[in-house]
Amino acid sequence: MPPDTLRDRTAVAVADPVLKSNLRNAVDRFSTARERGLGELVDPDGLRHAARAMRGHIIGDWAPTLERLADKLLANGAHVCWATDADEANAYIRDVARRIGATSVVKSKSMATEEIGLNDVLAADGRKVTETDLGEWIIQLAGEHPSHIIVPAVHRNRHQIADTFQAEAGMVERRTEPEELTAFARTALRERFLEADLGISGANLGVADTGSIVLVTNEGNGRLVTSLPKVHIAVLGAERIVQTWDQADLLLALLARSATGQRLTTYTSVVTGPRRAGEADGPDELHVVILDNGRTGLAGTEFAEMLNCIRCGACLNVCPVYRQAGGHAYGWVYPGPMGAVLTPLLAAKEAEGGGPAELAGASTLCGACMEACPVEIPLQDLLLALRRKKATEGGARGEHAIWRAWSEAWSRPALYRAGNKAAVRMRRLAPVAAKLGLAKRWTAGRELPALGERTFTERWASGER
Amino acid sequence: MSAEREHGSRQRFLAGIGAGASTLPLVPGPHPPPPPTPSAPPVRYKNVPADRGAAALTEAFVISAIEAGASVVTLDELPALVGMHSLVTGVVSAETEAVTLASILREAGVAVGHYERAAAAAADVGITSCVAAIAATGSVVVDSWVAGSRAVSLLPRVHLCAVPAAAIVATPGDFLRSGRPLPSNLVLISGPSRTGDIEQILTTGVHGPTAVVLVIV
């Protein structure tokens, strides 16, 4: 478990040399690839702008779109579960697993199932749950949480991964080359796929017009999860929907390029109902769990644009705070700028440390996130709005009083001058004072600039130019 | 009967939409959203030629497919694959073009059978055709209904795919926006299975095929 406070989690993260070098390597690579990938499109910024307007329309038309999607899914032969929170989603999936007597469950990477803590629920019910995304499997074996939404094990190097495979996955002869580690995982996980009774995936998009679920993976585990077990359950965040295939095409063109710079993710699967008569494989049952868990309450609020997020991870890669701190510092499932906004909105009660609202403070407001976002979510505006919300809800009375006093003093010329004079007269005390109390945190890693012998007003009055 | 497959309360779920709106006053931010619109402009790609003739599209597709990590061979080169990829056993899907490729491999000594899960999991090569191929991304589109299965292109070590030249379109939108009826499972495949999860070093074949070989027919 990560430490309880943002400060402690960050301290752990920045002290980890593996995290630091792997993270920098990964985010630099992704950022460069993203620019190259988007650069192959004609007018990528125009497309991002159009995607924002389009997502705004879909969320504005949310209920009818969801109803259409659900009706089409049902008509295609799928089960639909309306899950208003994590407990409802978990209970439904647990009951399906019980009914079919599932002993072995394979999962492809899904942030939504991380969000609801599904693995623990299924494990407590006696099911063997295997994460099959390579990075996700590594951290499952190591008993950790993802630190990046696209590359969950970015904080571990090959030697640490080999340690984990030896200790937790029965690797006999130690191998450390990435190709060898990957080959070991292929063999081990292939057995799990072939024995699994139940496959669980997330969903990148639900397409209302045809009642389809779109799922993208590079490794192919998403295909295996949706092809081999007799039952497939997809957990769809209620906002991850489009109405038409035109809309899906635009988002798919932006998604992979924003995430990894690829033109398309290696496997873009479109699932429309369960296996049909005459097909040799595929699940006999398809279940789509439409997950709310705090999302619908954001419609119509100043945070509504957060619902436009397509989970590409581009904002993580460009964020100066994320690049230093990594994902675990954020304390919940979603890291980076999108996580700093989403966590306090979705998970006020679940997040560890009880203070997800402080995440909005862990930002420089530089705006790189909005520049990188494929649907132009104004993340820095939303972070500011969260800070304002926190302030107006009375979270910072002491800070309010200090700023009020400051503004009071500085709006009176006499007090302003007296204050400056006092500061200059006591300048020799400043380096000492800076090491005390609250100021200590600020000056621990910084030099306090030296103060002059006279105030600016005094120098001006004496004719010094 | 579809009502039996709907679980939880649709009405209660949908009633949640906007339920939080009154408690948070709307403060317009510095970057207000544009007017909402359902339209999604066509995506245009710099790497597809303005010339949409068959030869130009085929050339663009081949370049993109190779860039995605696939290899492209001619029919004459097929027998040479057997040695190169150590092909002993294979499975084939239902399309005519796939069956044609399978007979060539059989003549070259590969034991190719029809799809069966255990056979596919052990097979060296899975042979399919595709319903479309996309020049901008180098993708082939495999349709579970036309192919008769999903896993022929997935479980074996090598995926061999026949690409009818007439099936090549310029962009993903040309295919996705066409309104074609959808099978239970449709997949756009762009190169071999890959991962960068260990130190961001690109490794192929983590779950799906290690190699994708395309034959334009």
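# A guided tour of chains A and B

Begin by selecting chain A and colouring by secondary structure, which in this predicted model comes to 22 helices and 10 strands. With the whole chain in view, its C-alpha trace spans about 95 × 55 × 45 Å along the principal axes, and of its 465 residues 57% count as buried. Of the contacts in chain A with a separation of 6 or more, 73% are between residues 24 or more positions apart.

Next, colour chain A by pLDDT, where the average is 91 and 96% of the residues score at least 70. Then select residues 350-354 of chain A, over which pLDDT stays under 50 and for which the model has 11 contacts beyond four places in sequence. Where pLDDT is low, the predicted coordinates should not be read in detail.

**The sheet shared by both chains**

Now show the strands of the open sheet of 7 strands, whose order is β3(A)-β2(A)-β4(A)-β7(A)-β10(A)-β1(A)-β1(B), with parallel pairing. At its edges stand β3 (128-131) of chain A and β1 (6-7) of chain B, and because each has a single partner strand, one side of each is left without a neighbour in the sheet.

Zoom in on strand β1 (residues 79-83) of chain A, which runs parallel to β10(A) and is joined to that strand by 5 bridges; if you select A:H79, you will find A:H287 of β10(A) standing opposite. Add helix α5 (residues 86-99) of chain A, which packs on the sheet and touches β1, β4 (198-201), β7 and β10 of chain A together with β1 of chain B, while its direction makes about 165 degrees with that of β10(A). Helix α4 (residues 62-75) of chain A lies across β1, β7 (231-237) and β10 of chain A together with β1 of chain B, and runs at about 145 degrees to β1(A).

While helix α5 of chain A is displayed, select A:R99, which has its place in that helix. Is A:R99 buried or exposed? The relative accessibility of A:R99 is 53%, so this residue counts as exposed, and leaving aside residues up to four places away in sequence, A:R99 touches A:E285 and A:H287.

**A buried arginine**

For another arginine, select A:R295, in the loop between β10 (285-291) and α13 (314-318) of chain A. Its relative accessible area is 2%, which falls under the 20% limit, and therefore A:R295 is buried. Which side chain makes a polar contact of 2.8 Å with that of A:R295? The partner is A:E239, and if you show the other surroundings of A:R295, you will meet further residues that it touches, including A:W62, A:E115, A:R311, A:Y334 and A:L346.

**A residue in a loop**

Move to A:A15, in the loop between α1 (6-14) and α2 (17-39) of chain A, where a relative accessibility of 60% means that A:A15 counts as exposed. Add A:A325, which is 310 residues away along the chain, and you will see that the C-alpha atoms of the two are separated by 9.3 Å.

**The nonpolar cores**

In soluble globular proteins, nonpolar side chains tend to be buried together. To look at this here, select A:L66, A:M306, B:F61, B:V140, B:V163 and B:L214, the residues with the most contacts inside the largest nonpolar core, which has 126 residues. Helix α12 (residues 245-259) of chain A gives the most to this core, with 9 residues. A second, separate core of 30 residues includes A:I139, A:F184, A:A185 and B:A123.

Stay with B:F61 and display its contacts, among them B:I134, B:G138, B:S139, B:V140, B:V163 and B:L214.

**A hairpin in chain B**

Several of those contacts lead to the last stop, strand β7 (residues 139-143) of chain B, of which 5 of its 5 residues are buried. B:S139, B:V141 and B:D143 point one way from β7(B), and B:V140 and B:V142 the other way.

Add strand β6 (residues 132-134) of chain B, which runs antiparallel to β7(B) and is joined to that strand by 3 bridges, with B:I134 standing opposite B:S139. The two strands form a hairpin with 4 residues between them, and B:G138 in the turn has a positive phi of about 70 degrees. Finally, select strand β10 (residues 185-189) of chain B, which pairs with β7(B) in the antiparallel sense over 4 bridges, and where B:I189 is the bridge partner of B:V140.

Terms used:
Residues are numbered from 1 along each chain as its sequence is written. Chains are lettered from A and ligands numbered from 1 in the order in which they are written. This is a predicted model: local features need pLDDT of at least 70, side-chain atom pairs count only at pLDDT 80 or more; totals for chains, interfaces and linings use all residues. Side-chain values use heavy atoms; hydrogens and water are left out. Buried means under 20% relative accessible area, exposed over 50%, partly exposed in between (1.4 Å probe, protein chains only). A polar contact is a pair of N or O atoms within 3.5 Å; within protein, one must be able to donate a hydrogen and the other to accept it, and residues adjacent in sequence count only if both atoms are side-chain atoms. Contact means heavy atoms within 4.5 Å. pLDDT is the predictor's confidence in each residue, from 0 to 100. A nonpolar core is a set of buried Ala, Val, Leu, Ile, Met, Phe, Trp, Tyr and Cys residues joined through side-chain atoms within 4.5 Å. Two strands pair if DSSP finds at least two bridges between them. Axes are lines fitted to C-alpha atoms, for helices over the stretch in contact, and angles run from 0 to 180 degrees between N-to-C directions.
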